[in-house]
Amino acid sequence: MKKAVITLETLACPSCLQKIENATKNLADVEENSVKVLFNSSKAKLDFDAEKISIEEIEKAIQDLGYPVIKSKVKDA
């Protein structure tokens, strides 16, 4: 498993947070209970199985909702 911290453009409202949280929780191979979207810092934190899903696929799921990703950091869990 890997841990990711994804920095997003500033989130405008709590419903943005919910949309991102739901989209990432529903991705296969993302640890559902690890997903946390931090409104004040505009970051998403999650654990994922890097052998089955890439950070780029996770970023794309967020960007497909209309929320630009600024950068991602990935490290071993």
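These exercises work through a predicted model.

**Exercise 1. The sheet**

Determine the strand order of the sheet and name its edge strands.

*Solution.*
Step 1. The sheet is open and is formed by 4 strands. Their order is 2-3-1-4, with antiparallel pairing.
Step 2. Look for strands that pair on one side only. These are strand 2 and strand 4 (69-76), the edge strands.
Step 3. Add the twist. From one strand to the next, it averages 15°.
Step 4. Check one pairing in detail. Strand 2 and strand 3 are joined over 3 bridges in the antiparallel sense. Leu38 has Lys43, in strand 3, as its bridge partner.

**Exercise 2. Helices on the sheet**

Find which strands each helix touches, and the angle between helix and strand directions.

*Solution.*
Step 1. Take helix 1. Helix 1 packs on the sheet and touches strand 1, strand 2 and strand 3. Its direction makes about 155° with that of strand 2.
Step 2. Take helix 2. Helix 2 also packs on the sheet, touching strand 1, strand 3 and strand 4. Here the angle is about 145°, taken with the direction of strand 4.

**Exercise 3. The buried side of helix 1**

Compare the span of helix 1 with the expected value, then explain how its buried residues are arranged.

*Solution.*
Step 1. Helix 1 covers residues 14-25, 12 residues in total. From first to last C-alpha it reaches 16 Å, close to the 16 Å expected at 1.5 Å a residue.
Step 2. List the buried residues of helix 1: Cys16, Leu17, Ile20, Glu21, Ala23 and Thr24.
Step 3. Place them around the axis. They lie on the same side of helix 1 because they cover an arc of only 165°.
Step 4. Recall the helix geometry. With 3.6 residues a turn, an α-helix has residues three or four places apart pointing the same way.
Step 5. Identify the cover. The buried residues of helix 1 are covered by elements including strand 1 (2-8), strand 2 (36-38), strand 3 (43-48) and helix 2 (55-63).

**Exercise 4. Cysteines**

Count the disulfides and account for the result using Cys13 and Cys16.

*Solution.*
Step 1. Set the cut-off: a disulfide needs two cysteine sulfur atoms within 2.5 Å.
Step 2. Test Cys13. Its closest cysteine sulfur is in Cys16, 3.1 Å away, so the two are too far apart for a bond.
Step 3. Test Cys16. Its closest cysteine sulfur is that of Cys13, again at 3.1 Å and too far for a bond.
Step 4. State the count: 0 disulfides.
Step 5. Compare exposure. Cys13 is partly exposed, at 26% relative accessibility. Cys16 is buried, at 8%.

Definitions and conventions
Residues are numbered from 1 along each chain as its sequence is written. This is a predicted model: local features need pLDDT of at least 70, side-chain atom pairs count only at pLDDT 80 or more; totals for chains, interfaces and linings use all residues. Side-chain values use heavy atoms; hydrogens and water are left out. Helices (H or I, at least four residues) and strands (E, at least two) are DSSP runs, numbered from the N terminus. The expected span of a helix is 1.5 Å times one less than its number of residues. Buried means under 20% relative accessible area, exposed over 50%, partly exposed in between (1.4 Å probe, protein chains only). The arc is that of the directions from the helix axis to the C-beta atoms. Contact means heavy atoms within 4.5 Å. Two strands pair if DSSP finds at least two bridges between them. Axes are lines fitted to C-alpha atoms, for helices over the stretch in contact, and angles run from 0 to 180 degrees between N-to-C directions.
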